[in-house]
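Please look over the sequence and the structure shown here. The report below goes through them one topic at a time.

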Amino acid sequence: MLGNQLVIDVKYEKLEPGPAGKHFVVVDYDGSAQTYYKPVDLDDPHLLLREGLDPTESDPRFHQQMVYAVASETLERFEAALGRHIHWKPLKDRNGKFLTAQVNRLYLFPHAMAEANAFYSADAHGILFGYFRAGNVPDAQVLPGQTIFTCLSHDIIAHETTHAIVDGIRKYFTEPTNIDVLAFHEAFADLAALFRHFSHREALLDTLQRTGGKLYVPTMNADIQGVPSDPTIQAEIAPDNPLIELARQFGQVSGSRSGLRSALGTKANPQDLRTKLEPHARGSILVAAVFDAYFSIYIQRTADLFRIFRAGGGSANPTDLPGPLATQLANEAARIAELFFGICARALDYLPPVDVTFGDFLRAIITADHDLFPSDTYGVRNAVMQSFRSRGIVPEDAQFFSEDALRWPEVDKHALPLVHGLIFGDPNGLTSHQKDENAKVLKRYAKANARTLGFTPPGNDIEVPSFHPMFRTDEDGSLKVDMVVEMVQPGEEPVDPTVSKTGNVRRRGGVTLMIAQAPLLDGKIGPPRVRYCIAKHPRDGADVRPRAAYVAEGLTNADGRVNFGLLHGT
């Protein structure tokens, strides 16, 4: 948390004790103590009048309230950005059959284990939060021996919920087919948590005033200015910037002076991609690239406010900002943060369905933003391109480093046939019957156009893991209706036994199709057409060695998918 008590507003729904709602079920079983804690009833009139329980670390019911609220808020932000409802990865029974009734309910376990860990588990169909005793760590803002609950960290809850969201959207992003895959998962979850900091208005205003408006600096001004370099009281100590730190308390008790990770990372160095191979360290490169672009836009958009301030007699390097200026800066910082989060979230729909790389994410960001906001009023796309380039993040297959070259190419209207029979439904989602019909339509389409889509004919083994209609508003205020579709074909390749003894490595090829609902013509909607075909197919043994290395490191389960419990425990 950022050092403040924060109020989170989530959409009201009728809840059962737990809380248990439409999307989340809190199951408070303490795996170490082997006991159930009494579930909180947030629909109790007494709690409704109080707007929930007051923050306290000693009451398990508050822990239940906390994980439910933050997870719900995180889900709502993604659904607003993506323009559709999000479904969790389907749960299977012991016989491998899908339990369709449980698809939209993710389980949250606030006290799952006595470990310094928290992770999303597809097998448990939920998120497991640990708790542990803090050691005697110098400078940590906790008592020696104090119990640390990961379920009380806003950042950790948001991070793990994002893992679950990505796994629900992209079925095969948990298969580490190249060295970027796990790093992308970690970086994307960090981005979702960090950008949420900028909506915490009290913390944002305080940070702005104590950094002179420089949100990107690692430390803030001390309460007492002009003290010696060796402070003697707390008020003379310059505190760290809470906006750019992730999971501060957890990081401190883990031995770090500051948060678990930071939005700043290290100075831009293209060589880092060659040397940083551990997923969290590698992911920090991507996080730093995105926030480099964010802070660049923030500086550009607030430059006039500082000019006005200086013209009125303000200092060129203020140590404290007047309230009205801080308010305007906070409004702009929050607006830009929400803009960047939305772009990053929408980029998920413009990624290939398998074997994602940092370069793919760059192309997806550029395409996703251009698709809804062609004019790029804020200059986001150029800022992103430059920050990624400075860190060596470039697409493998782009011919030039320009916006036009980095965007995924649109499909020529004659390259692929229209998709007859596809049903888009409405913003409330597709009915079961509509989903069944669309599945048939899309599988037929994939088989009929297998070679054109890059698959190996006859295409009987092509699956359609997901298809989601999206209802979004573009910069003109017009409703834009598309359907994002994943199509994947499996395959296997043998691996050099000197690299791995696991045998064959699963290699998949796939395409993400962005299919547009045709505009009305004479009062009727015409057949949809494919606007984007974002492909990723196996290429002559590429990426087999990095994939096998991950298996050897023991970060995956027997099915070849990442085990987040092991990944977060490294």
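## Second largest cavity

Helix 8, which spans residues 279-311, gives the largest share of the lining of the second largest cavity, three residues. The lining has eleven residues in total, and Thr-266, Asp-272, Ile-285, Ala-288 and Arg-391 are the ones nearest the centre of the cavity. Sorted by class, the lining holds four charged, four polar and three nonpolar residues.

The model is a predicted one. In this model the space in the second largest cavity is about 70 Å³. The cavities of 30 Å³ or more number five.

## Helix 11 and its surroundings

Helix 11 covers residues 380-390, and its buried residues are Val-380, Arg-381, Ala-383, Val-384, Met-385, Ser-387 and Phe-388. An α-helix has 3.6 residues a turn, so residues three or four places apart point the same way.

What do the buried residues of helix 11 pack against? Their partners are helix 8, helix 9, helix 10 and helix 12, the last of these being residues 403-406. After helix 11 comes Gly-392, which has a positive phi near 80°.

## Salt bridges between distant parts of the chain

Side chains of opposite charge can pair when their charged atoms come close. The count of salt bridges in this model is 27.

One of them joins the side chains of Glu-338 and Arg-77, with an N to O distance of 3.9 Å. Glu-338 belongs to helix 9 (residues 323-347) and Arg-77 to helix 2 (residues 60-82), so this pair links parts of the chain 261 residues apart. Glu-338 is partly exposed, because its relative accessibility of 42% falls between the limits of 20% and 50%. Arg-77 has a relative accessibility of 12% and therefore counts as buried, the cut-off being under 20%.

Another salt bridge is formed by Asp-349 and Arg-84, whose closest N and O atoms are 2.7 Å apart. Asp-349 sits in the loop between helix 9 and helix 10 (358-372), while Arg-84 sits in the loop between helix 2 and strand 4 (106-113), so the pair ties together parts that are 265 residues apart in sequence. Are these two residues buried or exposed? Asp-349 is buried, because its relative accessible area is 2%. Arg-84 is buried as well, at 7% relative accessibility.

## A network of salt bridges

Arg-407 and Asp-404 also form a salt bridge, and their closest N and O atoms lie 3.2 Å apart. Salt bridges with shared partners join these two residues with Asp-369, Arg-381 and Glu-403 into one network. Arg-381 of this network is also among the buried residues of helix 11.

Arg-407 has a relative accessibility of 18% and so counts as buried. Asp-404 has a relative accessibility of 58%, which means that Asp-404 counts as exposed.

## Cysteines

How many disulfides does a search of the whole structure find? The search finds zero.

Cys-151 counts as buried because its relative accessibility is 0%. Cys-344 is also buried, with a relative accessible area of 6%.

Key:
Residues numbered from 1 in each chain as written. Heavy atoms only, no water. Disulfide = S-S within 2.5 Å. Buried < 20%, exposed > 50% of the residue type's maximum accessible area, 1.4 Å probe, protein only. Salt bridge = Lys/Arg side-chain N within 4 Å of Asp/Glu carboxyl O. Helix = DSSP H or I, 4+ residues; strand = E, 2+ residues; numbered from the N terminus. 1 Å grid on protein atoms, 1.4 Å probe; cavity = no way out; pocket = protein on both sides within 12 Å on 5 of 7 lines; lining within 4 Å. Points joined across faces, edges and corners; volume = space filled by probe spheres on them. Nonpolar A, V, L, I, M, F, W, Y, C, P; charged D, E, K, R; others polar. Contact = heavy atoms within 4.5 Å.
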